[in-house]
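Hi there,

Here is the structure I promised to pass on to you. Have a look at it first, and then read on for what turned up.

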Amino acid sequence: MKLVPLADRVVLKHKAAEETTKSGIILTTESQEKPQQAEVIAVGPGAVVDGATVPMTVKVGDQVVYTKYAGSTVKLEDEEYVIVKESDILAVVQ
């Protein structure tokens, strides 16, 4: 089974959360901050504006930074994904 986003939605897979601080303190799962960097797994066809489809600017495989509380978390086959609108993506990491 796979996720196929609609319209201007993007499926992201989180990078692993930091388990220790820079000073070496080990963080529990509850205190780990939600990562804001992820890999693009799938993209929708684009938003429809005035009858025309606006193409997506991100593509599968891009590393992106997105807004902190964006999207919906989905668990599929023991993997966790976040589905966000393309406008919630702030930058592509190069």
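**What was found**

The accessible surface of the protein comes to about 6600 Å², and carbon and sulfur atoms account for 53% of that. Please keep in mind as you read that this is a predicted model.

Let's begin with the overall build. The protein has 94 residues, and 24% of them are buried. You will find eight strands and zero helices, so the string of elements from the N terminus on is β-β-β-β-β-β-β-β. Contacts across the chain are worth a look too: among those between residues at least 6 apart in sequence, 62% join residues at least 24 apart.

**The sheet**

In what order do the six strands of the open sheet lie? The order is 6-7-1-2-5-8, with antiparallel pairing. At the edges are strand 6 (72–76) and strand 8 (89–93), each of which pairs on one side only. From one strand to the next, the twist averages 40 degrees.

If you would like one pair to trace on screen, try strand 1 and strand 7. These two run antiparallel and are joined by five bridges. Within this pair, Leu12 stands opposite Val82 in strand 7.

**The core**

Leu12 and Val82 turn up again in the largest nonpolar core, which has twelve residues in all. The other members are Val10, Ala38, Val40, Met56, Val58, Val64, Tyr66, Ala70, Val84 and Ile89. Which elements give two or more residues to this core? They are strand 1 (9–14), strand 2 (37–43), strand 5 (63–66) and strand 7 (79–85).

**A buried aspartate**

Next, find Asp8, in the segment before strand 1. Is Asp8 buried or exposed? Its relative accessible area is 16%, and because the cut-off for buried is under 20%, Asp8 counts as buried. The side chain of Asp8 makes a polar contact of 3.3 Å with the side chain of Arg9. Setting aside neighbours within four places in sequence, Asp8 is in contact with Gly46, Ala47, Met56, Val84, Lys85 and Glu86. Two of these names, Met56 and Val84, also appear in the list of core residues.

**Three residues in loops**

Lys68 lies in the loop between strand 5 and strand 6. With a relative accessible area of 30%, Lys68 is partly exposed, because that value falls between the 20% and 50% cut-offs. Lys68 and Gln36 are 32 residues apart along the chain, yet their C-alpha atoms are separated by 5.9 Å.

Asp50 is in the loop between strand 3 (47–49) and strand 4 (52–54). Its phi is near 50 degrees, a positive value in a residue other than glycine. Is Asp50 buried or exposed? Asp50 is exposed, since its relative accessible area of 82% is over the 50% cut-off.

Glu77 sits in the loop between strand 6 and strand 7. Here, too, phi is positive in a residue other than glycine, with a value near 50 degrees. Glu77 has 56% relative accessibility and so counts as exposed.

Enjoy exploring, and do write back with any questions.

Best wishes

Definitions and conventions. Residues numbered from 1 in each chain as written. Predicted model: local features only at pLDDT ≥ 70, side-chain atom pairs only at ≥ 80, totals over all residues. Heavy atoms only, no water. Core = buried A, V, L, I, M, F, W, Y, C linked by side-chain atoms within 4.5 Å. Buried < 20%, exposed > 50% of the residue type's maximum accessible area, 1.4 Å probe, protein only. Helix = DSSP H or I, 4+ residues; strand = E, 2+ residues; numbered from the N terminus. Polar contact = N/O pair within 3.5 Å; in protein donor to acceptor, adjacent residues only side chain to side chain. Contact = heavy atoms within 4.5 Å. Areas by Shrake-Rupley, 256 points an atom, 1.4 Å probe, with all protein chains shown as cover. Pairing = 2+ DSSP bridges. Axes fitted to C-alpha atoms, helices over the stretch in contact; angles between N-to-C directions.
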